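Student: Could you walk me through this model before I get back to the bench? I would like to start with how the chains meet and then look at a few residues.

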Protein chains: 2
Amino acid sequence: MMPSKAVRFRARQVATLATIYHQCLVDAEYGALLEDLGQETLDPWIGASVREAKRERDKAVRVPATLVHEIARTASLAYEAWVQARQESDFETFAPWLRKMTDLKRQEAACLTDDARLPYDALIDIYEPGMTTAQLDPLFEELRPRLAGLLERIMASPRQPKSEVIRGTFPTDQQETFGRMVITAMGFDWEAGRLDRSPHPFCSGLTPFDVRITTRYSEEDFSIAFFGMVHEAGHGLYEQGLDPDRFGLHACEAISLGIHESQSRLWEIFVARSGAFWDHWFEKLRQQFPGQFNTTLHDFLHAVNQVKAGPIRVDADEVTYGLHVILRYEIEKALMEETLEVEDLEQVWNSKMASYLQVTPAHASEGVLQDVHWSHGLIGYFPTYLLGTLYAAQLFRKALDEIGSLQEEIASGHLLSLREWLRQKVHQPGRTRTAEQLIREVTGANLNSEHFLDHLEDKYGRLYAL
Amino acid sequence: MMPSKAVRFRARQVATLATIYHQCLVDAEYGALLEDLGQETLDPWIGASVREAKRERDKAVRVPATLVHEIARTASLAYEAWVQARQESDFETFAPWLRKMTDLKRQEAACLTDDARLPYDALIDIYEPGMTTAQLDPLFEELRPRLAGLLERIMASPRQPKSEVIRGTFPTDQQETFGRMVITAMGFDWEAGRLDRSPHPFCSGLTPFDVRITTRYSEEDFSIAFFGMVHEAGHGLYEQGLDPDRFGLHACEAISLGIHESQSRLWEIFVARSGAFWDHWFEKLRQQFPGQFNTTLHDFLHAVNQVKAGPIRVDADEVTYGLHVILRYEIEKALMEETLEVEDLEQVWNSKMASYLQVTPAHASEGVLQDVHWSHGLIGYFPTYLLGTLYAAQLFRKALDEIGSLQEEIASGHLLSLREWLRQKVHQPGRTRTAEQLIREVTGANLNSEHFLDHLEDKYGRLYAL
């Protein structure tokens with residue numbers, strides 16, 4: 001919403017607030033008060049809040065202000081270099097900045113961890129508290145060949161979708177109307193949130209009472225805005241579902257990026273891309289766009305679930321998406337452990353793309369330069385995208401078990417008992433549980449890839465007649 | 001833009017920031033640093049900034065935090081009582097809260113001034129620094145009979161406007177399109193501002209780079225949104241016109257509410273309600289609304305400048321508006337000087353309405369309960385509305401003198417040299433001048449009502465053939 005010229009001054013205001021906040025965090029008296037609190041027996045909300053407050057303060061105290069400042073300064077210059085490099089599709093323009101950034105992030109990791117052998121773990125922990133390479137390595141090593149194998153079988157199938165059946169002309173206002181109908185059915189509270197438009201879709205949960213989601217529209221392809229809206233609304237329901245009476249406590253926040261992503265992916269993949277969902281909504285969609293979608297429900301469903309290996313992560317389907325993430329995970333880990341040099345990065349990227357996805361990027365801007373994350377210093381963030389899907393698969397499987405009629409409800413357009421289940425099981429507990437505890441408590445099992453792989457085999461086995 | 005449920009938590013956030021800000025203001029070290037600065041010879045911007053910073057700090061130090069808190073607490077309860085009282089049109093519901101609020105505001109005034117005989121001056125000074133009842137009393141006492149006399153002559157004129165010629169059906173989107181055309185011609189910078197919709201029109205100047213204006217639309221009457229937009233855009237141009245390189249200094253702010261209002265009123269009254277303006281825009285307006293405004297330019301102009309005494313201030317025309325303000329000024333002054341008791345307020349209000357405007361409010365909600373200001377503790381604020389018009393008349397007269405071709409430019413749709421003149425003379429100096437200095441420096445005369453009365457006599461003499 002902000003006018004373009006406002007950006008610079010807003011950045012100064014945000015920086016001022018961030019500085020004041022950091023000063024409060026590292027304040028010695030605050031630290032002493034937190035230590036005192038730790039000695040007392042506390043209720044679970046207060047106990048978890050003290051734990052989270054200490055965790056936050058500990059990270060702030062461990063990293064010297066000079067390093068924080070240097071990373072922020074480098075990020076803003078690296079971002080400019082990345083924009084230019086991507087425009088010119090020239091990795092060499094960005095490489096020196098990436099080298100500097102990985103160096104700074106290794107320094108940051110060294111501050112954050114007591115175990116110098118595991119720098120990448122220290123960074124992952126920022127976004128997914130408690131998650132480690134020891135857990136992720138076997139998980140991703142199992143997933144990689146399974147996803148690549150499924151992709152090969154899908155590509156070899158004679159039964160390919162007719163992608164043209166979902167193409168047409170879709171006025172944005174009608175797309176928005178349809179999207180709002182679905183989001184309303186999901187139980188999004190419009191008195192505590194908004195839907196707007198922006199170049200990059202996002203969800204900002206300012207408070208449980210003020211959740212802003214955005215999407216972008218293509219007039220030729222309704223699916224971009226639609227699945228984007230459902231995805232962001234999934235994030236939004238998590239924010240709106242935090243306990244309103246406890247909001248303000250450290251424990252009354254989303255647990256982690258991975259758990260957050262599980263809420264968006266659950267609605268996007270396991271609900272909105274499912275056959276049951278479109279049993280109800282396909283006719284509604286056709287009514288919204290008269291003259292479009294002259295096809296069967298089956299062909300429509302196959303078209304919105306087309307699997308196609310491509311070079312771009314954000315355009316990837318649910319089979320190939322994980323491979324994009326695993327590739328980045330392996331590269332980040334190697335960069336942090338200094339077993340990969342930035343000068344070899346583009347070549348390693350391309351060879352992994354060929355091996356996992358049978359894709360060769362035409363140029364660096366659709367290869368190693370496609371994501372903004374590294375320029376901002378966001379290393380350790382990518383794995384949470386795939387973790388979200390794995391968590392989502394486990395949670396949805398459990399929801400099906402516990403709500404006996406869930407598939408029938410979805411097939412008749414009733415989505416509120418799923419939202420209620422998620423609210424009670426995932427949203428309301430906030431950070432009184434860690435991600436690991438929550439998943440075990442709710443699903444009865446540790447994080448695993450079994451349910452996600454079952455889902456893929458079942459769904460794509462049927463769609464592609466494998 | 002904020003969803004309704006977000007209001008409460010946002011209020012807590014704003015209160016937290018206000019508390020932190022107040023703590024910074026009253027901090028002794030900050031005070032000592034300001035005192036040191038005062039000893040040095042400084043450039044005009046720094047000198048004025050130190051003066052304004054001291055003024056701000058002085059007010060913060062003089063009023064005890066307990067009183068500030070009590071006023072804020074009372075305001076929120078008094079506002080609720082006012083809402084209920086207005087709904088039920090029952091002054092008695094609000095009277096105890098107004099009594100408490102006037103009592104608290106007298107205490108605040110006693111803290112702010114060294115002259116206990118002039119409590120109202122201390123409150124006016126909050127909104128219009130340097131302005132006093134000694135200046136306002138003779139000004140308003142001269143204006144009151146002149147405005148009332150003109151109103152009588154207008155009401156007695158046989159030549160009354162045909163108000164129906166501006167009625168019709170005006171889709172809001174087209175109203176917005178037309179309004180944006182005019183605001184663009186005024187030189188509003190859309191890269192540093194927005195126009196949105198809200199129940200009450202406003203202008204928020206967050207920075208010179210981010211100015212938000214709003215309006216509300218009536219589908220039956222285009223003039224409500226249109227003149228509202230021009231009014232708010234006038235405020236917006238002032239904010240956008242502050243020196244961008246000096247923004248952040250105390251001196252780089254709007255001078256006072258009265259000077260701010262002069263910028264909105266200048267564009268609204270002296271430009272957008274003038275014959276010269278519609279020489280250009282009338283045809284454009286008819287093109288925007290095909291089939292509407294089947295009338296002559298003269299009849300259109302008379303209809304948008306209809307003078308009609310009514311009970312409601314915000315609906316008042318430029319002749320009667322001043323009388324509404326003077327009535328409130330006299331009442332506020334008497335309340336603060338304890339020559340009027342709250343229990344007599346409704347009766348005094350009604351008798352003044354009858355005497356100045358020949359109007360009898362049908363009930364309290366269109367009389368003494370119509371404005372929100374007193375419930376918020378905004379006493380001393382009303383006079384700035386009329387001051388704005390007087391300043392505007394003086395400034396516009398001077399602009400006509402200095403830009404020889406201004407009327408011709410306005411008549412051909414060119415508004416930018418007026419904006420440029422205002423930017424140089426009024427906006428850019430910020431607070432390096434007081435209101436009094438600025439008006440004298442720019443117009444060569446002290447604040448007076450001569451130009452405003454000349455304008456009214458000339459304009460309405462012609463429209464109503466007086």
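Tutor: Here we go through the interface, the symmetry and a few single residues, bearing in mind throughout that this is a predicted model.

Student: OK, how many residues of chain A are in contact with chain B?

Tutor: On the side of chain A there are 21 residues in contact, and they meet 21 residues of chain B.

Student: And how much area do chain A and chain B bury between them?

Tutor: The two chains bury about 1800 Å² between them, and 59% of that area is on carbon and sulfur atoms. As background, the size of an interface is often given as the accessible area lost when the parts come together.

Student: What about charges, how many salt bridges are there between chain A and chain B?

Tutor: The count is two salt bridges between chain A and chain B. One of them joins the side chains of D189(A) and K5(B), with a distance of 2.5 Å from N to O. Apart from salt bridges as such, one can also ask about polar contacts, and across the interface of chain A and chain B 10 residue pairs are found in polar contact, with both residues at pLDDT 80 or more.

Student: Which elements of chain A supply at least two residues of the side that touches chain B?

Tutor: Those are α1 (7–26), β1 (193–197) and β3 (210–215) of chain A. The largest share comes from α1(A), which gives four residues to the side of chain A that touches chain B. By residue type, that side of chain A divides into 10 nonpolar, four polar and seven charged residues.

Student: Switching to symmetry: how many degrees of turn lay chain A on chain B?

Tutor: A turn of 179 degrees, with a shift of 0.0 Å along the axis, lays chain A on chain B with an RMSD of 0.1 Å. The two copies are therefore related as by a two-fold rotation axis.

Student: Which residue of chain A comes closest to the rotation axis?

Tutor: That is M1(A), whose C-alpha is 4.7 Å from the axis. The same surface serves both copies, since 100% of the contact residues of chain A recur in chain B.

Student: Now single residues. Is S49(A) buried or exposed?

Tutor: S49(A), which has its place in helix α3 (residues 44–62) of chain A, counts as buried because its relative accessibility is 7%, below the 20% cut-off. The side chain of S49(A) reaches the backbone nitrogen of A251(A) at 3.0 Å, and beyond its neighbours within four places in sequence S49(A) is in contact with L249(A), H250(A) and A251(A).

Student: And which residues is H231(A) in contact with?

Tutor: Leaving aside neighbours within four places in sequence, H231(A) is in contact with E261(A), S264(A), R265(A) and E268(A). H231(A) sits in helix α9 (residues 222–241) of chain A and is buried, with a relative accessible area of 12%.

Student: What does A78(B) touch?

Tutor: Not counting residues up to four places away in sequence, A78(B) touches F94(B), W97(B) and S375(B). A78(B) is found in helix α4 (residues 65–88) of chain B, and with a relative accessible area of 1% A78(B) is buried.

Student: Last one: what is phi of Q358(A)?

Tutor: Phi of Q358(A) is near 55 degrees, a positive value in a residue other than glycine. Most residues other than glycine have a negative phi. Q358(A) lies in the loop between α14 (345–357) and α15 (383–402) of chain A, and at 44% relative accessibility Q358(A) counts as partly exposed. In chain B, phi of Q358(B) is also near 55 degrees.

Methods: Residues numbered from 1 in each chain as written. Chains lettered and ligands numbered in written order. Predicted model: local features only at pLDDT ≥ 70, side-chain atom pairs only at ≥ 80, totals over all residues. Heavy atoms only, no water. Contact = heavy atoms within 4.5 Å. Buried area = accessible area lost by both parts, 1.4 Å probe. Salt bridge = Lys/Arg side-chain N within 4 Å of Asp/Glu carboxyl O. Polar contact = N/O pair within 3.5 Å; in protein donor to acceptor, adjacent residues only side chain to side chain. Nonpolar A, V, L, I, M, F, W, Y, C, P; charged D, E, K, R; others polar. Least-squares fit on C-alpha atoms with pLDDT ≥ 70 in both. Buried < 20%, exposed > 50% of the residue type's maximum accessible area, 1.4 Å probe, protein only.
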